[in-house]
Amino acid sequence: MSEKIAVIGSGSWGVALAILLNTNGHEVKLWSYSKEEADLINNDRKCKFLPEVTIPEGLSCYTSLEEALEGTEIIVMVTPSSAIRATLNNMKPFIKDNQIFVLASKGMEKDTQKVYTEVIKEIFPTNVVGAISGPSHAEEVSIGIPTAVVISSEDDQTSERLQTTFMNPKFRVYINDDLLGVEMGGSLKNIIALACGIAIGLGYGDNTIAALITRGIVEISRLGVEAGAKRQTFYGLTGVGDLFVTCASKHSRNRKAGILIGQGMSVEEAMKEVGMVVEGVYAVDGAYVLAQKHSVGTPIINEMYDIIHNGKTPEEATQILMSRGKKTEF
Ligand SMILES: NC(=O)c1ccc[n+]([C@@H]2O[C@H](COP(=O)([O-])OP(=O)(O)OC[C@H]3O[C@@H](n4cnc5c(N)ncnc54)[C@H](O)[C@@H]3O)[C@@H](O)[C@H]2O)c1
């Protein structure tokens with residue numbers, strides 16, 4: 001069945017998903033915040049973030065939300081997380097109750113510590129909401145590299161519909177009924193990827209990265225379970241899967257930013273140098289407050305918070321993590 005879909009956001013992930021959905025035979029409209037990006041897509045069939053890719057003729061990009069949303073049944077939200085609330089508010093006049101939202105952005109709102117499906121639900125309480133997450137770099141999905149992700153929503157029927165909509169022989173989609181966990185895994189892993197980048201920038205080795213990944217997933221799952229998610233979700237594609245790819249891949253901008261910080265750049269300089277969204281820098285605020293609120297032990301997240309906000313050096317943070325009191329593993 002062909003769906004009518006709006007993809008809201010024309011960064012690398014928005015464009016990769018729009019191409020995927022177009023390839024799957026759906027009618028897809030893209031929306032861009034940037035006229036320059038929209039013109040490049042419409043006139044040159046190019047995305048500035050994915051230079052290798054040619055955008056199919058059937059895909060048009062709009063800068064008007066009204067035009068992008070008109071007549072669509074599924075809305076994929078894929079702006080930087082910091083822009084989601086404002087974009088949703090701008091979409092208000094054009095949303096109908098039967099439109100389904102699918103969140104593809106990854107983040108946690110700084111001031112409310114909400115994940116963004118909760119923000120969508122707050123603004124559009126009667127619309128059904130879902131999320132897609134997992135190890136899926138746009139650079140690879142956009143050129144058809146085999147990828148597996150997870151999709152979740154508020155009801156089984158919608159999850160099955162979304163699974164069918166996104167899935168193809170290069171892009172395998174599993175269903176998970178834990179919407180909060182699916183989103184939290186994708187949001188929180190970026191903080192640990194920043195930490196891995198810092199470790200690389202400091203010249204540490206594979207042992208350090210493995211330790212950060214393994215202890216990182218413990219922190220993510222502790223926080224997620226405390227917030228109401230299922231522990232097993234964090235050992236699936238949105239947890240271990242997404243954490244591994246973000247900590248290990250050359251495509252990860254969080255890892256790249258971390259490397260620069262580890263080599264001595266300030267957080268601001270590193271973000272500017274990477275030039276793309278570094279979600280971990282924002283997600284750390286919500287995660288830190290949530291952990292304090294629920295008295296959850298998140299030592300790596302706490303040290304990342306201090307590096308980002310309190311001027312702690314990566315060397316000091318490492319020393320604190322390594323000289324904590326004796327613990328049992330589980
Ligand atoms: N890139 C990936 O591989 C990937 C994979 C999964 C999830 N994500 C998530 O998708 C989201 C978008 O990331 P991306 O990689 O596509 O971004 P990107 O860094 O490639 O591009 C940023 C985009 O944000 C737009 N933008 C800037 N300010 C804006 C505003 N105020 N309102 C709306 N849009 C604005 C820019 O025009 C640009 O299109 C992030 O939450 C990211 O974590 C990315």
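A cavity here is a set of points on a 1 Å grid over the protein atoms alone where a 1.4 Å probe fits but cannot get out. By this rule, one cavity of 30 Å³ or more turns up. Please keep in mind as you read that the model is predicted.

## The enclosed space

The volume of the largest cavity is about 40 Å³. Its lining is made up of Leu103, Ser105, Lys106, Ala131, Ile132, Ser133, Val182 and Glu183. Sorted by class, these residues are four nonpolar, two polar and two charged. Two elements, strand 6 (129–133) and helix 8 (179–201), each provide at least two residues of this lining. Strand 6 gives the largest share, with three residues.

One of the lining residues deserves a visit of its own: Glu183. This residue sits in helix 8, and it counts as buried because its relative accessible area is 4%, below the 20% cut-off. Leaving out residues up to four places away in sequence, Glu183 touches Leu103, Gly107, Val115, Tyr116 and Thr117. Leu103 therefore appears twice in this part of the picture, as a residue in the cavity lining and as a contact of Glu183, with contact meaning heavy atoms within 4.5 Å. With Thr117 there is also a polar contact, in which the two side chains come to 2.4 Å. For a sense of scale along the chain, Cys196 is 13 residues away from Glu183, and their C-alpha atoms are 21 Å apart.

## The open pocket and the ligand

Now for the open side of things. The largest pocket has a volume of about 850 Å³. It is lined by 39 residues, and those closest to its centre are Ser12, Trp13, Val78, Arg253 and Val277. Helix 1 (12–23), helix 6 (138–141), helix 8, helix 10 and helix 11 are the elements that contribute two or more residues to this lining. In terms of class, the pocket lining holds 12 nonpolar, 19 polar and eight charged residues.

Which residues come nearest to the ligand? Of the 23 residues around it, they are Ser12, Trp13, Glu37, Ala138 and Glu279. Ser12 and Trp13 are thus named both here and among the residues closest to the centre of the largest pocket. Three of the distances to ligand oxygen atoms are set out below.

| Residue | Atom on the protein side | Distance to a ligand oxygen atom |
|---|---|---|
| Trp13 | backbone N or O | 2.8 Å |
| Ala138 | backbone N or O | 2.7 Å |
| Glu279 | side-chain N or O | 2.6 Å |

Trp13 and Ala138 reach the ligand through backbone atoms, whereas Glu279 does so with its side chain.

## Two buried serines

Ser252 lies in the loop between helix 10 (237–248) and helix 11 (253–262). Is Ser252 buried or exposed? It is buried, because its relative accessibility is 2%. The side chain of Ser252 comes to 3.4 Å from the backbone nitrogen of Asn254. Beyond its neighbours within four places in sequence, Ser252 is in contact with His137, Ala193 and Thr246.

Ser221, for its part, belongs to helix 9 (residues 206–227). It too is buried, because its relative accessible area is 1%. Not counting residues up to four places away in sequence, Ser221 touches Arg231, Phe234 and Tyr235.

## Two positive phi angles

Most residues other than glycine have a negative phi. Against that background, two residues are worth a look in the backbone.

Gln113 is not a glycine, yet its phi is positive, at about 55°. Gln113 is placed in the loop between strand 5 (100–103) and helix 5 (116–123). With a relative accessible area of 13%, Gln113 is buried.

Ser295 also has a positive phi without being a glycine, in this case about 50°. Its loop runs between helix 13 (279–293) and helix 14 (299–309). Where Gln113 is buried, Ser295 is exposed, because its relative accessibility is 67%, over the 50% cut-off.

Methods
Residues are numbered from 1 along each chain as its sequence is written. This is a predicted model: local features need pLDDT of at least 70, side-chain atom pairs count only at pLDDT 80 or more; totals for chains, interfaces and linings use all residues. Side-chain values use heavy atoms; hydrogens and water are left out. Buried means under 20% relative accessible area, exposed over 50%, partly exposed in between (1.4 Å probe, protein chains only). A polar contact is a pair of N or O atoms within 3.5 Å; within protein, one must be able to donate a hydrogen and the other to accept it, and residues adjacent in sequence count only if both atoms are side-chain atoms. On a 1 Å grid over the protein atoms alone, a cavity is a set of points where a 1.4 Å probe fits but cannot get out, and a pocket is an open set with protein on both sides within 12 Å along at least five of seven lines; lining residues have an atom within 4 Å of a point. Grid points are joined across faces, edges and corners, and a volume is the space filled by probe spheres set on the points. Ala, Val, Leu, Ile, Met, Phe, Trp, Tyr, Cys and Pro count as nonpolar, Asp, Glu, Lys and Arg as charged, and the others, Gly among them, as polar. A residue is near a molecule or strand if one of its heavy atoms lies within 4 Å of it.
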